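User: I've got a model open and I'd like to learn how to read its strands, helices and buried side chains. Could you walk me through it?

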Amino acid sequence: MKQANDGISKVWKVHKSSDPFYSGGKVEVSLDETKILCMHEDNVSIIRLNEEGVVTPLFKNDDIESEPISCFAFHPSKEEIVVSSQKSSVSHWSTTGEGCFRTFKAHQMPILAMAYDPSGTLVATGSADRTIRVWDVAGGFCTHSFKEHSDIIRTLQFHPNPQRLQLISTSDDNTIRIFDLREQKCVAVFRNHVSLPTAVSISYDGNLMASCGRDKVVNFFDLRQFTHIKTVPVMEELEGVVLLNEAHSAQLLDTIHSVTPKGMRAHVLVTAGGSGVLKFFKVTLNAKDSSAFEITALLHFPLSSAARHGLDLSSSSSANSREAEAASLHGVASLHYLPLTGEVLSVTKDYNLCSYSIASFATQLANNLTNTVSRLEPSKLLIGSQGEILDMALIPNPNANVGSSFKLALITNSTQVRIVDERFNCSVLEGHKDIVLCVDVSPDGEYIATSSKDHRVLLWHVPSLTAVAVGEGHTDAVGSVCMARSRASYASRVAFGASGGADKILKRWALPVHTFATVNNKKGELSKLVATHSVRAHDKDINAVAVSPNDALIASASQDKSVRLWRATDLTPVATLNGHKRGVWKVAFSPVDKTLVSCSGDRTVKMWSVVDHCLLRTFEGHTASVLAVKFVNKGSQLVSASADGLIRVWTIRTGECESTLDVHTDRVWALECLQTSEQEETTEASEEDAAAAVTSENLYFFSGGSDSKLIQWKDNTAAEEVTRMETAERNLVLEQQMQNDLRHHRYDKALSTALDLGHSLKVLQILTAVLEQEPKQAKADAESKEDLFTVDWSLRLDPYVRAFTEEQLDKVVTYLKDWNSNARHCYTSQVLLNSLLRVVRVEALMKHRVVLEALPALLSYTERHYQRLDRLNQASYMLEYFASMISLLPEESVDRANTSSRPVQGIDGKTYVSDAIEEPLVLFRDSDKTDIDSDDEEEEVVVEEVVEVIAAVAAPVAESAKKKARKSSEGDLDDVKEKKSAKKPRKAHA
């Protein structure tokens with residue numbers, strides 16, 4: 001991939017990421033040994049071993065609410081899992097993405113133990129309410145309930161033989177109970193432990209059971225007669241016990257030529273606990289009963305350097321409590337047996353999953369190392385959590401293309417130094433006695449220097465992964481270390497290193513690497529590094545040291561807010577750089593210019609001149625303390641990381657922030673850059689062109705912090721620019737094609753193109769055009785203009801809706817939600833909504849998350865539209881009434897009404913008179929209503945116009961009606977008078 005024309009990297013994408021997947025708790029291996037399941041915070045991580053350790057979470061972000069998970073159990077033969085929450089509910093899930101099958105309430109208190117039976121039909125749950133229940137998962141009902149335990153249930157395990165239907169449980173009441181599901185009762189109780197039994201294991205023949213606990217003993221039981229055989233002390237708190245099968249037991253015993261007497265059966269027992277040592281025992285007992293029982297220790301395999309030196313990781317009585325606390329993290333938390341692959345999986349307390357092959361154990365036995373304390377290297381190491389990544393350094397590999405292969409030395413808030421490759425596979429260096437704080441690598445990649453809280457500096461040989469020298473002399477934690485950057489220094493044997501720490505002392509170490517042994521001797525003694533010079537460099541802790549590319553200067557940064565420059569040969573002070581308002585965390589020299597940069601707690605990054613020691617530029621923009629800074633892109637740009645998890649990329653020439661990367665969720669402590677060159681294949685056929693391969697540069701950097709994430713970032717500027725240009729060209733072609741389709745009335749193709757382009761307005765215009773224009777077939781079939789309007793306009797959009805893809809349907813619903821909120825587009829929106837509900841099945845619509853999210857808005861605005869129409873419809877009856885009244889008036893009144901000069905103001909602001917009311921609907925043209933933004937305002941204006949028109953028409957009508965009524969009343973009065981006069985003569989005559 002070629003860089004952009006200006007050489008500035010502006011777009012960065014996550015290339016690879018190593019996220020934590022285990023945070024303590026239960027670990028389970030599937031029956032086919034292709035998956036490992038473990039708990040990570042409020043989720044379950046599934047590690048697929050047959051896919052190079054790909055880790056997938058069981059629950060996605062939107063699957064369930066964040067509810068703490070207490071336990072789980074994996075189906076022995078199907079891709080299904082049952083999960084319990086701390087609210088005591090049990091959920092049955094599919095691990096292939098099919099969702100949750102069912103959920104039911106299982107206990108009154110949190111569930112702490114779960115187990116599937118070998119057939120996969122039943123699930124046992126043990127709770128803090130001291131009860132054990134067995135469930136039919138498919139039916140969701142309880143089949144058994146046992147209340148014999150008097151304390152919290154800790155572990156549950158079914159007998160491996162499905163014909164026995166026996167359930168084994170351990171509890172905080174220090175008992176082991178066996179329940180028979182056929183008899184529905186407890187058939188055995190073992191009270192041989194005086195502390196919590198942590199694990200049980202059953203032999204391959206199903207007759208022998210071994211249990212271990214924190215009372216430092218192993219108990220053996222005969223499952224044929226449910227009797228206790230023997231208690232064996234092991235002098236350490238145990239967390240795991242495993243009985244190997246017949247084949248693997250024979251493999252180990254045949255290696256040491258162990259003979260089993262006739263009529264006896266031999267088993268190999270493996271235990272592990274707080275000491276971090278795998279202990280192997282040979283167990284022999286009678287094949288028919290437990291009358292003859294023997295146990296013999298075979299071999300001890302220490303899993304860590306602390307265990308190799310005999311430090312008790314489970315005890316706090318060590319001379320140095322800090323060393324014991326750090327070493328205790330390497331103790332074993334649980335032990336698992338993988339009979340198909342022939343491996344033993346140990347889960348350490350620092351969340352590492354280490355797999356050891358039975359063949360490697362046999363090799364150790366064959367080498368007669370039974371009584372020799374030696375560390376066993378794992379065949380597979382999975383880092384469940386990197387911990388807090390404090391520092392990192394790239395290990396150069398000149399013999400390989402680092403674009404596809406790299407190694408990083410990681411410091412992870414532990415006593416270990418981890419070497420991570422491009423697949424995030426890990427190997428471990430052990431030698432420090434306390435937490436390691438800093439790391440640096442020589443330019444040739446042969447040596448690694450580390451500093452620690454144990455006041456020491458260690459030098460490691462990378463090919464052999466062993467420590468070769470130690471530097472002692474600091475009186476407090478050593479927080480920073482660096483090595484000479486020039487290859488010439490190593491070739492001329494004048495290489496050096498520098499270190500500084502909380503004791504405020506800056507030391508220069510001579511590194512005669514040519515004299516160091518590449519492997520430790522049998523006594524474990526290391527060569528001594530000599531400190532040639534030492535100075536009190538600062539008034540407060542030294543946070544960082546760095547060496548210039550030509551090995552002429554050493555820079556030190558401190559909490560006293562200053563950066564100081566020293567002559568590398570004798571630590572003579574050169575200059576003090578003041579300007580920061582808070583402590584300085586990191587300092588780095590430019591690889592191309594005579595400058596250096598420093599980052600500080602004052603939320604700034606400053607660039608200094610090494611020549612005249614002046615401030616050149618200040619980079620401002622971070623909102624929290626800047627903890628790390630690094631030069632990238634051949635020294636033309638900077639990468640800085642802050643305590644709020646943000647990473648910013650700066651251009652030195654302009655001082656502008658080109659990109660802000662927000663993936664980390666906590667402090668980012670470490671940055672490292674990597675620039676590679678790769679050869680691209682040429683398309684020419686000639687040999688000369690093929691020989692001149694095109695070289696492209698790939699730019700990467702790595703980041704790590706307190707969130708345990710190790711992220712590899714890749715410069716994606718060139719690819720983004722190419723994609724942008726290709727997208728622009730494609731859009732131009734599609735837009736031209738859409739215009740051509742619209743011109744020829746090919747609305748189906750135009751609509752599909754508009755949806756692909758994501759043009760919401762164009763989609764609306766196409767749908768409106770479909771509704772407003774008469775189809776050609778309807779014109780041909782219609783005999784008259786009246787027949788044309790008998791076509792059901794609501795069916796016009798049905799063919800287009802049927803042609804929508806799933807993606808297009810989501811887009812249309814999203815657009816429809818916005819269109820329906822505007823009264824101008826409500827007609828098209830309602831017709832489209834009607835067509836969607838009729839054409840697409842409701843079940844299919846409900847599967848779309850976009851539809852579910854849009855429903856409330858669609859319902860709300862649809863109700864508003866219909867309410868407005870109802871009110872306008874009611875107002876229209878007034879016009880109809882007065883129109884009918886006009887038809888009843890004499891012609892004179894109508895003429896006077898038509899010639900009335902009363903002015904009327906229309907919706908467009910113009911003034912009309914009553915003689916223009918021959919076409920009253922001209923006042924309500926659609927073009928006149930487009931200036932109204934609100935539905936309510938539009939409705940009010942239209943009603944006012946109706947009232948004005950009614951008033952204009954009703955005025956002369958009312959006047960004529962009054963005159964008619966007056967005449968009518970006068971005529972009635974004359975009639976009354978005539979009647980009275982006609983009656984008077986009669987009365988007189990009478």
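Analyst: Happy to. Keep in mind that this is a predicted model. Let's start with a pair across two strands: arginine 48 stands opposite valine 54 in strand 5.

User: Which strands are joined there, and by how many bridges?

Analyst: Strand 4 (residues 43-48) is joined to strand 5 by four bridges, and the two run antiparallel.

User: How do I place that pair in its sheet? What is the strand order?

Analyst: Look for the order of the strands, then for the ends. Here four strands make an open sheet in the order 2-3-4-5, with antiparallel pairing. Strand 2 (27-29) and strand 5 (54-57) are at the edges with a single partner strand each, so one side of each has no neighbour in the sheet. From one strand to the next, the twist averages 20 degrees.

User: What does a sheet with mixed pairing look like here?

Analyst: Try the open sheet of five strands, ordered 34-35-36-37-41. Its edge strands are strand 34 (436-441) and strand 41 (527-528), each pairing on one side only. Within that sheet, strand 34 pairs with strand 35 (residues 447-452) in the antiparallel sense over five bridges. One pair to click on is valine 436, which stands opposite serine 452 in strand 35.

User: Now burial. How many residues of strand 28 are buried?

Analyst: The cut-off to remember is that buried means under 20% relative accessible area. In strand 28 (residues 352-357), six of the six residues are buried, and the strand is mostly covered. You can also sort them by direction: Asn352, Cys354 and Tyr356 point one way, while Leu353, Ser355 and Ser357 point the other way, and all are buried.

User: What does strand 28 pair with?

Analyst: Take the partners in turn. Strand 27 (residues 343-348) pairs with strand 28 in the antiparallel sense over five bridges, and leucine 345 stands opposite serine 355. Strand 29 (residues 380-383) is joined to strand 28 by four bridges, also running antiparallel. In that pairing, leucine 353 stands opposite leucine 382.

User: Which residue in the turn between strand 27 and strand 28 has a positive phi?

Analyst: That's tyrosine 351, at about 70 degrees; the hairpin has three residues between its strands. Compare that with the hairpin of strand 43 and strand 44: there are five residues between the strands, and aspartate 551 takes a positive phi near 60 degrees.

User: Is strand 43 enclosed or open, and what does it pair with?

Analyst: Strand 43 (residues 542-547) has six of its six residues buried, so it is largely enclosed by the rest of the structure. Strand 43 pairs with strand 44 (residues 553-558) in the antiparallel sense over five bridges. The bridge partner of alanine 544 in strand 44 is alanine 557.

User: Let's do helices. What covers the buried residues of helix 4?

Analyst: First find the buried residues. In helix 4 (residues 358-366) they are Ile358, Ser360, Phe361, Ala362, Gln364 and Leu365. The cover includes helix 1 (246-255), strand 24 (277-286), strand 25 (293-302), strand 27 and strand 28. As a general idea, an α-helix has 3.6 residues a turn, so residues three or four places apart point the same way.

User: And at what angle do helix 8 and helix 13 cross?

Analyst: The axes of helix 8 (residues 747-757) and helix 13 (residues 806-819) come within 10 Å and cross at roughly 80 degrees. Angles of 65 to 115 degrees count as roughly perpendicular, and these two helices are therefore roughly perpendicular to each other. Helix 8 contributes Ser752, Leu755 and Asp756 to the contact, and helix 13 contributes Gln808, Lys811, Val812 and Tyr815. By type, the contact residues are three nonpolar, two polar and two charged.

User: Last one: is arginine 418 buried or exposed?

Analyst: Arginine 418 counts as buried, at 2% relative accessibility. You'll find arginine 418 in strand 32 (residues 416-421). Its side chain makes a polar contact with the side chain of glutamine 386 at 3.2 Å. Setting aside residues up to four places away in sequence, arginine 418 touches a list of residues including Asp350, Asn352, Ile383 and Cys426.

User: What about serine 89?

Analyst: Serine 89 is in strand 8 (residues 89-94) and is buried, with a relative accessible area of 17%. The side chain of serine 89 makes a polar contact with the side chain of serine 85 at 2.9 Å.

Methods:
Residues are numbered from 1 along each chain as its sequence is written. Side-chain values use heavy atoms; hydrogens and water are left out. Axes are lines fitted to C-alpha atoms, for helices over the stretch in contact, and angles run from 0 to 180 degrees between N-to-C directions. Angles under 35 degrees count as roughly parallel, over 145 as roughly antiparallel, 65 to 115 as roughly perpendicular and the rest as oblique. Contact means heavy atoms within 4.5 Å. Ala, Val, Leu, Ile, Met, Phe, Trp, Tyr, Cys and Pro count as nonpolar, Asp, Glu, Lys and Arg as charged, and the others, Gly among them, as polar. Buried means under 20% relative accessible area, exposed over 50%, partly exposed in between (1.4 Å probe, protein chains only). A polar contact is a pair of N or O atoms within 3.5 Å; within protein, one must be able to donate a hydrogen and the other to accept it, and residues adjacent in sequence count only if both atoms are side-chain atoms. Two strands pair if DSSP finds at least two bridges between them.
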